[in-house]
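This report is an introduction for a reader who has not met the structure before. It goes from one residue to the whole chain and then to the surface.

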Amino acid sequence: MDGFVYNLPGANPNQHFFNNQVPLVNLSATSDESNRSAEDDEKKRRRKVSNRESARRSRMRKRRHLNELWSMLVHLINENKCLVDELSRANEGYEDVVEENKKLREENSKLRKMIGEIGF
């Protein structure tokens, strides 16, 4: 383990004072490690904040997209209803024209028959 020295029995005459472990004094590493640790903590904190903000923006984009899709759905449903109504009116008009055409053909047939009887 870095930072600790394990004393072997009999290796240190003052062993009974140190409870089998003595923290090493890392003269070069103590301030560097604490600075690095603080920098790492700050980087983690910034990354966490950045990730939260990115997730918030992503949720907002998703919400806007969903709202746009709902608006599009409502618009398309209304447009479809208008087209179905227009088609229905066109079909009614077609049936009216077919019925009128049938009557005109019958009238034409009767008139031809009458002309034929008159002798023209």
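Does Asp85 count as buried, partly exposed or exposed, and at what relative accessibility? The model is a predicted one, and in it Asp85 has a relative accessibility of 32%, so Asp85 counts as partly exposed. Its side chain meets that of Lys81 in a salt bridge, 3.3 Å from N to O. Lys81 has 53% relative accessibility and therefore counts as exposed. The two residues are four apart in helix α1, which means that about one helical turn separates them.

**The chain and its confidence**

The chain holds one helix and two strands, and from the N terminus on the order is β-β-α. Helix α1 covers residues 29-118. Of the 120 residues, 3% count as buried. The chain exposes about 11,400 Å², of which carbon and sulfur atoms supply 56%.

The mean pLDDT of the chain is 83, with 74% of the residues at 70 or more. Among the elements, α1 has the highest mean, 94, and strand β1 (residues 4-6) the lowest, 48. Where pLDDT is low, the predicted coordinates should not be read in detail.

**Salt bridges**

Five salt bridges are found in the whole structure. Three of them are listed here.

| Pair | N to O distance |
|---|---|
| Glu42 and Arg45 | 2.7 Å |
| Glu53 and Arg57 | 3.8 Å |
| Lys81 and Asp85 | 3.3 Å |

Glu42 and Arg45 are three residues apart in helix α1, about one turn of the helix. Glu42 has a relative accessible area of 29% and is partly exposed; Arg45, at 45%, also counts as partly exposed. Together with Arg46, Glu42 and Arg45 are linked in a network of salt bridges.

Glu53 and Arg57 both lie in helix α1 as well, four residues apart, again about one turn. Glu53 is partly exposed at 30%, and Arg57 is partly exposed at 40%.

**Surface patches**

Leu66, Leu69, Trp70, Met72, Leu73, Leu76 and Ile77 form a nonpolar patch on the surface, and their accessible area together is about 690 Å². Met72, one of these residues, lies in helix α1. Its relative accessibility is 47%, so Met72 counts as partly exposed.

A patch of negative charge on the surface is made up of Glu92, Glu95, Asp96, Glu99, Glu100 and Glu106. Asp96 also has its place in helix α1. With 53% relative accessibility, Asp96 counts as exposed, because exposed means over 50%.

Technical notes
Residues numbered from 1 in each chain as written. Predicted model: local features only at pLDDT ≥ 70, side-chain atom pairs only at ≥ 80, totals over all residues. Heavy atoms only, no water. Buried < 20%, exposed > 50% of the residue type's maximum accessible area, 1.4 Å probe, protein only. Areas by Shrake-Rupley, 256 points an atom, 1.4 Å probe, with all protein chains shown as cover. Patch = residues over 30% accessible without salt bridge, like charges linked within 9 Å, V, L, I, M, F, W, Y side chains within 5 Å. Salt bridge = Lys/Arg side-chain N within 4 Å of Asp/Glu carboxyl O. Lys, Arg positive; Asp, Glu negative; His and termini not counted. Charge placed at Lys NZ, Arg CZ, Asp CG, Glu CD. pLDDT = per-residue confidence, 0-100.
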